[in-house]
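Here are some notes to read alongside the model, written for someone meeting it for the first time. Keep the viewer open and go point by point.

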Amino acid sequence: MRLYQQLVLFMLAATVLPLAAVGFLLLSRAEAELAARIDAEQRAQAVATAESVGATMMEVVDALARSAELIDWQAASDAETQGALRLLYGQSPAVSAVLKLDAEGRPLGAPVFRAQAIDGHPAFAPESLDRLVRSIPVQTLRGGGKGQAALGSAYVHSDEGRSAVAVAVKLADGDGAPFAVAEVVLHPLEAVLRRRLGEGLGRIDLVDEERRVLASTAPERRGQALAPALSAHLLAPAVPLTERVRSFRVESPARRVSVARVPHGMRFDVLVEVDESTALAPVHGMRRTVLLSIGATFLVLLGLGALFTRRLNVRLAEVVRGAEAYGRGELDTRLKVSGQDELSELATTFNRMGEELEAARARMLRWNDDLRVRVEEATADLKAAQAQLVEAQKLAAVGQLGAGVAHEINNPLAGILGNVQLLMLDRGAADPDLESLRKIEQSAKRCKEITQNLLRFSQQRERAELRPVDLNAVVRDALSLTEHQLRGDGVALTSVLGDGLARVRADPGHLSQVVLALVSNARTAMLNSPQKRLTLRTGEVDGFGFLEVEDTGKGIAPDVRPRIFEPFFTTKDVWSNVGLGLSVAWRVVTEAGGSIEVRSEVEQGSCFTVKLPKA
């Protein structure tokens, strides 16, 4: 980062950023206070509007209840009943229809309604009669007395955008008494909402439990559903009885909303909503003014910083030229910078560094000679290691030769086996040659199995393919290749293979290589032992399958034991290309996620334990 850029950052950190932080902190506090005041005014407005709506609705309900209580409905004739219904109909301009029902909610006679709106009086659509009947609270009124009233659920005429609520009034005492139901439209309440909104910002909506707008200061919203984000807040857990109003904030666009429940048991909510950007416009204007002031201050500081750094860069150019000379290896270069400031001290330091670099270069030349000698020694060691790798490649060539021999032997064996089986088909059970032919068949099958195992073991892959493997089957196949040699050396072979052993996760070919290496190592260790016993065991322990190869050989000395898994390390008197066996076995087992443990006593024998994870 250049000096000018650092100076700009310093000015930002020392002047502009603190001023900006203080300014924005004060603006944030002012914004929070303004938002709190808006919320408080909204809450008060929501509560007052809810009370006004509740009082207006209760006036209509009380007027209907008082009028119904004064009439003897049971003694009235049909004409008197119709007149009484017209009396109820005229109690409020919000009543659009009145109908008498029996105790089960079935209509009794024709409804009284106005077909067309006149002077603001609402009209009633006859097709809405069924909806009016379904919305009345029949169960609420059955046990009540005469004149008892109850509000039903609100509904919206989607074609007209007109919302209404049913008001039912009991006409007599007893469970079987009839009652009257009146449809009370809600859009006249919009006058109450507009009066409460006044000259304020935002709007006021009256919504029901299904989050539909029943009345609003914006009439075009009547009958619409609330936005999903707003509905999610309204569906939150109910407000405690001690708190009749709650406020929250809605995003996209940002709005502040207060909601209050209409009292008197009405299932309506009053929503007071204001756009946040409009409400907080004064604070946002102040924030823009602060940003412009900070930007102007920053530009002035940038101009002053440019003048200062230009003067400083002229003197720094001399220091840069000296540093470039040192980079080209001209360590005898010396800087000349006048003055008594920090740049003069820097020039002195550069000159001292040049002297030290010249001395260091002389030392480096001496070290280079020493390094050349060490490289020659390391090269000799690498050549020796390369000779060992050549021997390892010979082992691989032997494996390829075994594969070729197995292929060549396998074809004649197949012919011998086929001919013997044809001869057996021509012999009867009493034929004296039949037993000899069976022995020939068994021997041929045995030879074929050995060649197939030799072929499979010689086809090893460079990369392990781990999959579930039957450990017992791998041990049996490996022993089939070496069992005859063990018997010929006088080794007593014992295999204790666990029953029902779970499969382990390994490469079957590489695992066979491990078994053969351990068995070969044990056989070699017992060549000069008086007692030659080789025991192979398999089993399970702690989520692992294990294989133990235990011999009665010469054992492993404690000072040698830490090195037995090193490549090309062997304790044999003559190196015979087997110094890679245990190293390869250790690599194969660790690649499969397992481990090899060794227990050994000198002249008592050794036990190698291979643990592999279960598949």
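1. A starting place. Before anything else, bear in mind that this is a predicted model. Leucine 307 sits in helix α8, which covers residues 281–327. Its relative accessibility is 64%, so leucine 307 counts as exposed. It has company there: Val300, Leu304 and Leu307 make a nonpolar surface patch of about 330 Å². As background, an α-helix has 3.6 residues a turn, so residues three or four places apart point the same way.

2. Helix α11, length and bend. Go next to residues 471–488, the 18 residues of α11. How far apart are the end C-alpha atoms of this helix? They are 26 Å apart, which agrees with the 26 Å that its residues should span at 1.5 Å each. There is still a bend to look for, of about 50°, at threonine 482.

3. The two ends of α11. At the start of the helix, look for aspartate 470: one of its side-chain oxygens comes within 3.1 Å of the backbone nitrogen of asparagine 472. Past the other end, just after α11, glycine 490 has a positive phi of about 80°.

4. What α11 hides. The buried residues of this helix include Leu471, Val474, Val475, Ala478 and Leu479, and also Asn472, Ser480 and Thr482. So the residue at the bend, threonine 482, is one of the buried ones.

5. Two residues of α11 to click on. Serine 480 belongs to this helix, and with a relative accessible area of 7% it is buried, because the cut-off for that is under 20%. A polar atom of the serine 480 side chain lies 2.4 Å from the backbone oxygen of aspartate 477. Leucine 471, also in α11, is buried too, at 3% relative accessibility. Measure from leucine 471 to glycine 539 in your viewer: they are 68 residues apart in sequence, yet their C-alpha atoms are 9.2 Å apart in space.

6. Helix α12. This one runs over residues 508–525. From first C-alpha to last, its 18 residues reach 26 Å, close to the 26 Å expected. Is α12 mostly covered or mostly open? Mostly covered: 13 of the 18 residues are buried. The N-terminal end is capped by aspartate 507, with a side-chain oxygen 3.0 Å from the backbone nitrogen of glycine 509.

7. Aspartate 269 and its partners. Side chains of opposite charge can pair when their charged atoms come close. The count for this model is 23 salt bridges. One of them joins aspartate 269 and arginine 211, at 3.5 Å from N to O. That pair links distant parts of the chain, 58 residues apart: aspartate 269 is in strand β10 (residues 269–275), while arginine 211 is in the loop between β6 (203–207) and β7 (213–216). Both partners are buried, aspartate 269 at 7% relative accessibility and arginine 211 at 11%. Aspartate 269 also forms a salt bridge with arginine 261, where the closest N and O atoms are 2.5 Å apart. Arginine 261 is partly exposed, at 37%.

8. A salt bridge between strands. Which residue pairs with glutamate 550? It is arginine 537, with 2.8 Å between the closest N and O atoms. Glutamate 550 is in strand β15 (residues 544–551) and arginine 537 in strand β14 (residues 533–541), 13 residues apart. Glutamate 550 is partly exposed at 30% relative accessibility, and arginine 537 is partly exposed at 27%. Elsewhere, salt bridges that share partners join Arg203, Asp205, Arg221, Arg255 and Glu273 into one network.

9. Two backbone angles to check. Most residues other than glycine have a negative phi. Arginine 211 is not a glycine, but has a positive phi of about 60°. Aspartate 542 is another non-glycine residue with a positive phi, of about 55°. Where are they found? Arginine 211 is in the loop between β6 and β7, and aspartate 542 is in the loop between β14 and β15. Their surroundings contrast: arginine 211 is buried, with a relative accessible area of 11%, whereas aspartate 542 counts as exposed at 70%.

Definitions and conventions:
Residues are numbered from 1 along each chain as its sequence is written. Side-chain values use heavy atoms; hydrogens and water are left out. Patches are made of residues with over 30% relative accessible area and no salt bridge: like charges are joined within 9 Å, nonpolar side chains (Val, Leu, Ile, Met, Phe, Trp, Tyr) within 5 Å. Accessible areas come from the Shrake-Rupley method with a 1.4 Å probe; for residues, only the protein chains shown count as cover. A salt bridge is a side-chain nitrogen of Lys or Arg within 4 Å of a carboxyl oxygen of Asp or Glu. Helices (H or I, at least four residues) and strands (E, at least two) are DSSP runs, numbered from the N terminus. Buried means under 20% relative accessible area, exposed over 50%, partly exposed in between (1.4 Å probe, protein chains only). The expected span of a helix is 1.5 Å times one less than its number of residues. The bend at a residue is the angle between axes fitted to the seven residues ending there and the seven starting there. A polar contact is a pair of N or O atoms within 3.5 Å; within protein, one must be able to donate a hydrogen and the other to accept it, and residues adjacent in sequence count only if both atoms are side-chain atoms.
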